[in-house]
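Work through the exercises below with the sequence and the model at hand. Try each task before reading its solution.

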Amino acid sequence: MQAIQAAPHPNLAQAPAARAAEHIEVRPATPDDIAAMQTLINGFAAQNRMLFRSKTELTEFLHEYLVCTVEDRLAGVCGLHPVAGGLAEVCGLAVADDAGGRGIGSRLVEGCVDRARQLEIAKVYTLTLVPGFFEKLGFVRVDKSTLHLKVWYECYRCPKFANCDEIAMVRPLDLDDRADVPTHGMSARASGGEGPA
Ligand SMILES: CC(C)(COP(=O)(O)OP(=O)(O)OC[C@H]1O[C@@H](n2cnc3c(N)ncnc32)[C@H](O)[C@@H]1OP(=O)(O)O)[C@@H](O)C(=O)NCCC(=O)NCCS
């Protein structure tokens, strides 16, 4: 499967020589990645930092995920889930603790943004506990109430449902004039329903 070429992050350029020589690749997830994806995501879910994912869910929505490998070891994962016309969620972002601070999270998000552009999605959003990270990637904080109702498609499964502490952020993709289309009231172009995050 073809690897996705994501722009190198400055953190990698500043890495020590041993790290700089490492082979880091962002590519579409494959069935062989599922077990490691689940371990990574559910490790953070156990700390209440993201939602748990079952093997069944990861298998069903595998086509939505990118993974990042360092020397063939899975070090990060991120998904892009279309929820309604012109809008898609950057979801399920997780980077292994011992691989953090090397631009992997940034590469994964930019890979998902590239995918969104290919799908002619006008705006991506995320619900996050790490707004500072997403701000560095061009996302801006928005009032949750301004988002399309479909973005709440799986909040019912979140243990923090009644006391949501996640911050809503969006990044318009400058496709053309569609980038300014409001998120409310869009007709569904991509499928909604149950999906990953
Ligand atoms: C948040 C996370 C994805 C960052 O991944 P990473 O590979 O370490 O991030 P990068 O190396 O690409 O960092 C890019 C920039 O964001 C900054 N950054 C990283 N984590 C940050 C955080 N939690 N808060 C603020 N800024 C952060 C980095 O310092 C870096 O800044 P720089 O460009 O000025 O050097 C990773 O720590 C993680 O998986 N956390 C646990 C799960 C989680 O919170 N996922 C997000 C759910 S929405």
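**Exercise 1. The nonpolar core**

How many residues does the largest nonpolar core have, and which have the most contacts inside it?

Solution. The model is a predicted one. Step one is the count: the largest nonpolar core has 41 residues. Step two is to find the residues with the most contacts inside this core, and these are Met37 and Val124. Step three is to ask where the core residues come from. The elements that give two or more residues to the core are strand E1 (24-28), H3, E2, E3, E4 and H5. H5 provides the largest share, 6 residues. A second core of 10 residues is separate from this one, and includes Tyr125, Leu147, Val151 and Ala168. As a general background, nonpolar side chains tend to be buried together in soluble globular proteins.

**Exercise 2. Helix H3 and Met37**

Compare the span of helix H3 with the expected value, then find which of its residues are buried and what they pack against.

Solution. Begin with the length. Helix H3 covers residues 34-45, which is 12 residues, so at 1.5 Å a residue it should span 16 Å. Its end C-alpha atoms are 16 Å apart, in agreement with that value. Next, list the buried residues of H3: Ile34, Met37, Gln38, Leu40, Ile41, Asn42, Phe44 and Ala45. In general, an α-helix has 3.6 residues a turn, so residues three or four places apart point the same way. The partners come next: the buried residues of H3 pack against helix H4 (55-60), strand E2 (65-70), strand E3 (73-84) and strand E4 (87-95). Finally, look at Met37 alone. Leaving out residues up to four places away in sequence, Met37 touches Ala29, Leu58, Leu62, Tyr65, Val67, Leu74 and Val77.

**Exercise 3. Asp33**

Is Asp33 buried or exposed?

Solution. First place the residue: Asp33 is in the loop between E1 and H3. Then take its relative accessibility, 7%. Buried means under 20%, so Asp33 counts as buried. Last, check its contacts. Apart from neighbours within four places in sequence, Asp33 is in contact with Arg27, Pro28, Val67 and Leu74.

**Exercise 4. Helix H5 and the loop after it**

How many of the 15 residues of H5 are buried?

Solution. Start with the span. H5 has 15 residues and reaches 21 Å from its first C-alpha to its last, close to the 21 Å expected at 1.5 Å a residue. Now count the covered positions: 11 of the 15 residues are buried, and H5 is mostly covered. Among them are Ile104, Leu108, Val109 and Val113, and also the charged residues Arg107 and Arg115. Then move past the end of the helix. Just after H5, Glu120 takes a positive phi of about 60°. Glu120 lies in the loop between H5 and E5, and at 44% relative accessibility it counts as partly exposed.

**Exercise 5. Another positive phi**

What is the sign of phi at Glu71?

Solution. In general, most residues other than glycine have a negative phi. Glu71 is not a glycine, yet its phi is positive, about 50°. Glu71 sits in the loop between E2 and E3. Its relative accessibility is 46%, and therefore Glu71 counts as partly exposed.

**Exercise 6. The largest pocket**

Which residues lie closest to the centre of the largest pocket, and which element gives the largest share of its lining?

Solution. The pocket holds about 1,100 Å³ of space. Its lining has 46 residues, and the closest to the centre are Arg49, Leu93, Thr128, Val130 and Phe134. Two or more lining residues come from each of E4, helix H5 (104-118), strand E5 (123-128) and helix H6 (131-135). E4 gives the largest share, 7 residues. Sorted by class, the lining has 26 nonpolar, 11 polar and 9 charged residues.

**Exercise 7. Far in sequence**

How many residues apart in sequence are Val130 and Glu166, and what is their C-alpha to C-alpha distance?

Solution. Val130 is found in the loop between E5 and H6; at 43% relative accessibility it counts as partly exposed. Val130 and Glu166 are 36 residues apart in sequence, and their C-alpha atoms are 8.6 Å apart in space. A further pair is Cys164 and Leu127, with their positions 37 residues apart in sequence numbering and 10.0 Å from C-alpha to C-alpha.

Note on methods
Residues numbered from 1 in each chain as written. Predicted model: local features only at pLDDT ≥ 70, side-chain atom pairs only at ≥ 80, totals over all residues. Heavy atoms only, no water. Helix = DSSP H or I, 4+ residues; strand = E, 2+ residues; numbered from the N terminus. Expected span 1.5 Å × (residues − 1). Buried < 20%, exposed > 50% of the residue type's maximum accessible area, 1.4 Å probe, protein only. Contact = heavy atoms within 4.5 Å. 1 Å grid on protein atoms, 1.4 Å probe; cavity = no way out; pocket = protein on both sides within 12 Å on 5 of 7 lines; lining within 4 Å. Points joined across faces, edges and corners; volume = space filled by probe spheres on them. Core = buried A, V, L, I, M, F, W, Y, C linked by side-chain atoms within 4.5 Å.
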